[in-house]
Each structure stands twice: as structure tokens, then as C-alpha cells.
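Got the viewer open? Then let's take a walk through this model, one selection at a time.

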Amino acid sequence: MVRRNRDDWTEMALRALAEGGLNAVAVEPLAAAAGATKGSVYHHFRNREALLEATVERWEREHTEKVIELVESERTPEDKLRTLFATVLDRTRKGSVEMALQAGADHEVIAPVLRRVTEKRLAYLTELFGELGFGEAQARQRALIAFSLYLGQAQMWVTLPGLVEPVLDEAVRVLTAK
């Protein structure tokens, strides 16, 4: 039997979340799928809520903080925006953790993390649009439009797989036009 660590369990929980939504993050099915006992999960997490909390915190690090770090390696605001869109739209196609979390937005563990992530993402987008020369109010509006576009694309990939094509270049062109 393979020993699983905390990261293994949060990785499996992220996959379960993407494939089956919030209810799929359950100790017994995760342990069974991993060929492990429930005790292996409980060795790292006191209960399902603790596993869920660690999982969404991992998602926050990987899908917000690390993405921002990657984007910041670009030189110009336009390149940053293009890299940001390309990265998040590509990740969205690979799994729908984002949509599962949005669907569970009223859950006591998910709600504060989702709110914090959304605020962080909007603040970062607002900063990018500010770097492009937009005033504060207009930069915030562009950030909201960009984030809405991302969520719309993510939802469409879930509900209409294969039908939606990324609109990266057109989105960047429209959002950066003055």
C-alpha cells in the first residue's frame, strides 16, 4: 500500500472537485479510489471540512498566487494580460475546479476563500489596467469585465465542451482599447 501525504490528498480532492463538484470531496470515496483507508486521510485531516479547507487553500495558491507570479515575469502590461488570459483559460479547460467552487459559493469553507480569491484577482486585474493607462474607475470596470469573461468561458467549457473557442487575442484587444 502506498503512503499518501497531505499534498497527495489535496491533489486527489482537487481532481474530485473538478470532476464531481463539492460533494465528490468525501473521505471514504477518495480513500477507496486511492486504495487507502479512511484512517490515512484522517491522519492528515481531522475531518472532511479540514480536507476541503486545505484543498481550496491549495487551489488559491496554485490558481491565483502562482499565476500572478508567472504573469509578473512579463515586461509589458499587454504581455501580462495576454499571459494571464492564456494561463487561466488553459487551466480552465483542464478541469473545472473554478466552476465547482462557484457552485458551492455559499458553503462555509468555500465562501471566504472564494471571496478572498475574487478580491485578489480583481485587485490584480485593476492594477494591470491601471498600468495600461486607465483611470481607477475605468480600470476597475475593465477588471470586472475581464473576470466576467473568464468565468463565462469557464462555464461554457463545462456546459458546452468542444463548442467554445478561446477568445484570447480579441479579448485583450477589446479590453485594452481606449
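Start by selecting helix H8 (residues 136-159) and helix H9 (residues 168-176), whose axes lie 10 Å apart and pack at an angle of about 165°. Keep in mind as you look that this is a predicted model. An angle over 145 degrees counts as roughly antiparallel, so that is what H8 and H9 are to each other. Their crossing is right-handed.

Now show the side chains where the two helices touch. On the H8 side, pick Arg142, Ile145, Ala146 and Leu149; on the H9 side, pick Ala171, Val174, Leu175 and Thr176. Colour this H8-H9 contact by class and you'll get 6 nonpolar, 1 polar and 1 charged residues.

Next, keep H8 on screen and add H7. How do the axes of H7 and H8 cross? They come within 8 Å of each other, at roughly 125°. That angle makes H7 oblique to H8. The crossing of H7 and H8 is right-handed.

Zoom in on the place where H7 and H8 meet. H7 brings Thr118, Arg121, Leu122, Ala123, Leu125, Thr126, Phe129 and Gly130, while H8 answers with a set that includes Glu136, Arg140, Ala143, Phe147 and Tyr150. By class, you have 10 nonpolar, 3 polar and 4 charged residues in the contact of H7 with H8.

One of those residues deserves its own click: select Arg121, which is found in H7. Is arginine 121 buried or exposed? The cut-off for buried is under 20% relative accessible area, so arginine 121, at 10%, counts as buried. Show what surrounds this side chain: leaving aside neighbours within four places in sequence, arginine 121 is in contact with Trp59, His63, Thr64, Glu98, Phe147 and Tyr150.

Trp59 is a handy signpost to the next stop. Which residues have the most contacts inside the largest nonpolar core? Select Trp9, Leu30, Leu51, Trp59 and Leu101, and you have them; the whole core has 29 residues. To see where this core comes from, colour helix H1 (6-20), helix H2 (27-34), helix H4 (48-71), helix H6 (97-103) and helix H7 (110-131), the elements that each give two or more residues to it. There is also a second, separate core of 25 residues, and Tyr124, Phe129, Ala143 and Leu168 are among them. As background, nonpolar side chains in soluble globular proteins tend to be buried together.

Go back to Leu101 and list what it touches. Not counting residues up to four places away in sequence, you should find Leu17, Val56, Trp59, Ile110 and Leu114 around leucine 101.

Now slide over to Arg58, in helix H4. With 12% relative accessibility, arginine 58 counts as buried. What does arginine 58 touch, not counting residues up to four places away in sequence? Light up Asp7, Thr10, Glu11 and Leu14. Try a distance between C-alpha atoms too: arginine 58 and leucine 14 are 44 residues apart along the chain, yet they are separated by 8.7 Å.

Last stop: select Gly20, whose place is in helix H1. Glycine 20 is partly exposed, with a relative accessible area of 48%. Draw one more line, C-alpha to C-alpha, from glycine 20 to valine 56: they are 36 residues apart in sequence and 15 Å apart in space.

Technical notes. Residues numbered from 1 in each chain as written. Predicted model: local features only at pLDDT ≥ 70, side-chain atom pairs only at ≥ 80, totals over all residues. Heavy atoms only, no water. Core = buried A, V, L, I, M, F, W, Y, C linked by side-chain atoms within 4.5 Å. Buried < 20%, exposed > 50% of the residue type's maximum accessible area, 1.4 Å probe, protein only. Helix = DSSP H or I, 4+ residues; strand = E, 2+ residues; numbered from the N terminus. Contact = heavy atoms within 4.5 Å. Axes fitted to C-alpha atoms, helices over the stretch in contact; angles between N-to-C directions. Parallel < 35°, antiparallel > 145°, perpendicular 65-115°, else oblique. Left-handed = near helix turned anticlockwise from the far one by under 90°. Nonpolar A, V, L, I, M, F, W, Y, C, P; charged D, E, K, R; others polar.
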